[in-house]
Amino acid sequence: MAVKIRLKRMGKKRQPSYRIVVVESASKRDGKTVAEIGHYNPLSDPEEIQLDVEAALSWLRQGAQPTPAARKLLSRMGVMRAWHEERFGRPTTEAEQN
């Protein structure tokens, strides 16, 4: 079964916060998760994004597909750039510094 990286809605009515989770693609939006790799709070000023970058890269290496909303958050944190550079053989910024 395919694995996806997506957002799981948390919080009260009209006060959403989201967890960035890894789930099987057939599960419901707020269903059982495989792993939680971060959280996102759009209501704080500025928006709060906390993400375990290594865990996200690990799941991408294993074939997890991010949803469009999760992809935007991963891009903001630089995960998609690192993943792209890793896939196509370009050195990452960390490798260039060493």
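**Walking through the strands and helices**

Trainee: How many bridges join strand β1 to strand β2?
Mentor: Keep in mind that we're looking at a predicted model. β1 takes in residues 3–12 and β2 residues 15–24, and the two run antiparallel. The number of bridges joining them is ten.

Trainee: And which residue in the hairpin of β1 and β2 takes a positive phi near 60°?
Mentor: Start with a bridge pair: Gly11 has Pro16 in β2 as its partner. Two residues lie between the strands of this hairpin. The residue with the positive phi near 60° is Arg14.

Trainee: Moving on, which residue in β3 stands opposite Val21?
Mentor: β2 is joined to β3, residues 35–41, by five bridges, and these strands run antiparallel. One bridge there pairs Val22 with Ala35 of β3. As for Val21, the β3 residue standing opposite is Glu36.

Trainee: How many residues sit between β3 and β4 in their hairpin?
Mentor: Let's look at the pairing before the loop. Four bridges join β3 to β4 (residues 48–51), and the two run antiparallel. Asn41 stands opposite Glu48 in β4. Between the two strands of the hairpin, the residue count is six.

Trainee: In what order do the elements run from the N terminus on?
Mentor: There are four helices and five strands to place. We've already met β1 and β2, and then β3 and β4. Put everything in a row from the N terminus and you get β-β-β-β-α-β-α-α-α.

Trainee: Which residues of helix α3 are buried?
Mentor: In an α-helix there are 3.6 residues a turn, so residues three or four places apart point the same way. Helix α3 covers residues 79–87. Its buried residues are Val79, Met80, Trp83 and Glu85.

Trainee: What comes just after α3, and which residue there takes a positive phi of about 75°?
Mentor: α3 itself covers residues 79–87. Just after the helix, the residue with that phi is Gly89.

Trainee: What share of the protein's residues is buried?
Mentor: Here we step back to the whole protein, where a residue counts as buried at under 20% relative accessible area. There are 98 residues in the protein, and the buried share is 30%.

Trainee: Last one: what share of the accessible surface belongs to carbon and sulfur atoms?
Mentor: Take the total to begin with, which comes to about 6,700 Å². Of that surface, carbon and sulfur atoms hold 47%.

Conventions:
Residues numbered from 1 in each chain as written. Predicted model: local features only at pLDDT ≥ 70, side-chain atom pairs only at ≥ 80, totals over all residues. Heavy atoms only, no water. Buried < 20%, exposed > 50% of the residue type's maximum accessible area, 1.4 Å probe, protein only. Pairing = 2+ DSSP bridges. Areas by Shrake-Rupley, 256 points an atom, 1.4 Å probe, with all protein chains shown as cover.
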